[in-house]
Amino acid sequence: MRLLLATAGSRGDVEPFAALADRALAAGHEVRLVAPENSGVELGDLDTVGMGVDYTRMIEEQGVSVMAALRNYRSVVRPVMRGVIVGSARAALEYEPDLIVYHPKVLSAPLVADALGVPHVMVEIVPALTPTRVFPAAGTVTRGIGPLNRSTYRAAGTASVMFRSELDEVRRIVGGRTRRSSAPAATLMPISPAILRRPHDWPASVHLTGPWTRAHRSATLAPEVARFMADGSFIYAGFGSMAAGDAAARGRTIVDVARARGSRCLVTTGLGGIDVPPNRLGDDVLVARTVSHAAVLPHATAAVHHGGIGTVHAAMIAATPSVIVPFIADQPFWGARLSEAGLAPAPIPQRALTVPALHTALDEAERCRPRVIEVAQVMSTENGTLTALTVLASIR
């Protein structure tokens with residue numbers, strides 16, 4: 001097949017698509033990946049087209065605050081989404097694929113697929129679009145609300161209204177007149193069934209494949225990280241692209257708790273979620289911008305993180321207990337799901353991260369270790385990219 005993969009967002013939105021592209025290439029398919037610039041994901045050996053948008057720079061400049069996004073909607077958010085919607089459409093039309101596989105943010109993908117006369121498959125990175133009575137849409141309410149759970153999925157339809165003019169621009173480009181596009185031929189969710197049990201009321205066209213990872217790639221560690229790991233056990237802490245609130249206060253809390261517990265600490269600052277003040281530095285603390293979770297987490301005694309699904313999967317695969325400190329979007333959802341399943345302590349909202357709260361959570365995380373090991377064993381048998389590619393190959 002000639003596949004076009006289109007994704008939008010930060011690193012956690014790009015990495016799964018890169019993993020699927022790798023697998024598809026290895027299987028002999030032609031693949032082009034349309035993605036944001038400067039995502040932090042290694043894409044050098046892939047046929048990649050940029051959208052002309054930089055989510056990393058946007059996060060660094062305005063953080064992940066919802067209020068900041070609303071304030072800068074016209075000047076920042078809307079131009080970025082125009083790049084995603086129109087830029088990906090132009091790339092798809094130029095490539096003329098047999099199948100389009102796309103992130104939900106790429107709102108124009110169904111329109112372009114219909115114009116080309118090819119099927120399209122949506123990749124639901126987190127369960128926020130396919131309604132179920134079992135749990136609420138990720139990114140809405142945290143706890144289940146019973147019969148009203150299905151109603152939480154209605155919010156997903158507002159995006160096409162917010163960006164109607166951009167979608168109309170794509171309609172003009174493809175020469176289409178209809179305002180409605182066809183439904184996806186399938187929906188893929190790169191999520192482990194060991195973490196999220198498949199709801200009974202999902203349609204058969206929805207496939208819970210397991211995570212999409214580049215497990216075949218050997219991770220390269222900076223020399224200082226490799227030396228730090230070789231010196232013994234440590235607590236890992238990192239909040240990815242979450243730039244919000246008092247990063248220095250979080251850094252002080254994490255280092256103080258690690259030291260009080262007699263542990264060393266490996267901290268990744270990401271895009272600004274943690275900042276370790278100079279008076280907390282020492283031989284027992286290593287600060288890096290980013291590290292390979294696959295290489296580092298198996299050696300950590302615990303992982304303190306934001307609860308993005310990519311990090312959740314990485315920690316579970318490593319059999320490393322998590323303390324989830326959610327900020328926004330789907331992170332509270334995963335914190336609640338893991339806690340309900342006995343795989344993690346109750347999540348600590350980022351504004352409530354204190355020394356006593358983190359001490360208690362790390363104690364509880366250790367008690368979750370047997371369940372985490374069980375899930376890691378189950379996940380070791382999953383091959384998400386192969387499962388996804390099998391589904392794609394059946395759509396012709």
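The following exchange explains how terms are applied to this predicted model.

Reader: How are residues numbered, and which of them count in this predicted model?

Author: Residues are numbered from 1 along each chain as its sequence is written, and side-chain values use heavy atoms, with hydrogens and water left out. In this predicted model local features need pLDDT of at least 70 and side-chain atom pairs count only at pLDDT 80 or more, while totals for chains, interfaces and linings use all residues.

Reader: What makes the protein chain as compact as a globular protein of its length?

Author: The chain has 15 helices and 12 strands, which are DSSP runs numbered from the N terminus (helices H or I, at least four residues; strands E, at least two). Its radius of gyration is 21 Å, close to the 21 Å that the globule rule gives for 396 residues, so the chain is as compact as a globular protein of that length. The radius is taken over C-alpha atoms, and the rule is 2.2 Å times the number of residues to the power 0.38. Along the principal axes, the C-alpha atoms fill a box of roughly 65 × 45 × 40 Å.

Reader: Why is Cys-265 called buried or exposed?

Author: Buried means under 20% relative accessible area, exposed over 50%, and partly exposed in between (1.4 Å probe, protein chains only). Cys-265 has a relative accessible area of 1%, and therefore it is buried. Cys-368, at 10% relative accessibility, counts as buried too. Of the 396 residues of the chain, 53% count as buried.

Reader: Why is no bond assigned between the sulfur of Cys-265 and the closest cysteine sulfur?

Author: A disulfide is a covalent bond between the sulfur atoms of two cysteines. Here it is taken as a pair of cysteine sulfur atoms within 2.5 Å. The sulfur of Cys-265 is 20 Å from the closest cysteine sulfur, in Cys-368, and that is too far for a bond. By this rule the count comes to zero disulfides.

Reader: How do you know that strand E8 and strand E9 pair?

Author: Two strands pair if DSSP finds at least two bridges between them. Five bridges join strand E8 (residues 234–238) to strand E9 (residues 264–268), and the two run parallel; therefore they meet the rule of at least two. The bridge partner of Ile-235 is Cys-265 in E9.

Reader: What makes strand E10 and strand E12 stand at the edges?

Author: The open sheet of five strands has the order E10-E9-E8-E11-E12, with parallel pairing. Strand E10 (285–288) and strand E12 (322–324) each have a single partner strand, so one side of each is left without a neighbour in the sheet. The twist averages 15 degrees from one strand to the next. Helix H9 (residues 247–260) packs on this sheet, touching E8, E9 and E10, where contact means heavy atoms within 4.5 Å.

Reader: Which strands are the edge strands in the open sheet of seven strands?

Author: That sheet has the order E3-E2-E1-E4-E5-E6-E7, with parallel pairing. Strand E3 (48–50) and strand E7 (206–208) are the edge strands, as each pairs on one side only. Within the sheet, E1 (residues 2–6) and E4 (residues 99–102) pair over four bridges, and Ala-6 stands opposite Tyr-102 in E4.

Reader: How is helix H1 directed relative to strand E2?

Author: Helix H1 (residues 11–26) lies across E1, E2, E4 and E5, running at about 170 degrees to E2. Axes are lines fitted to C-alpha atoms, for helices over the stretch in contact, and angles run from 0 to 180 degrees between N-to-C directions. Helix H15 (residues 384–393) runs at about 175 degrees to E6.
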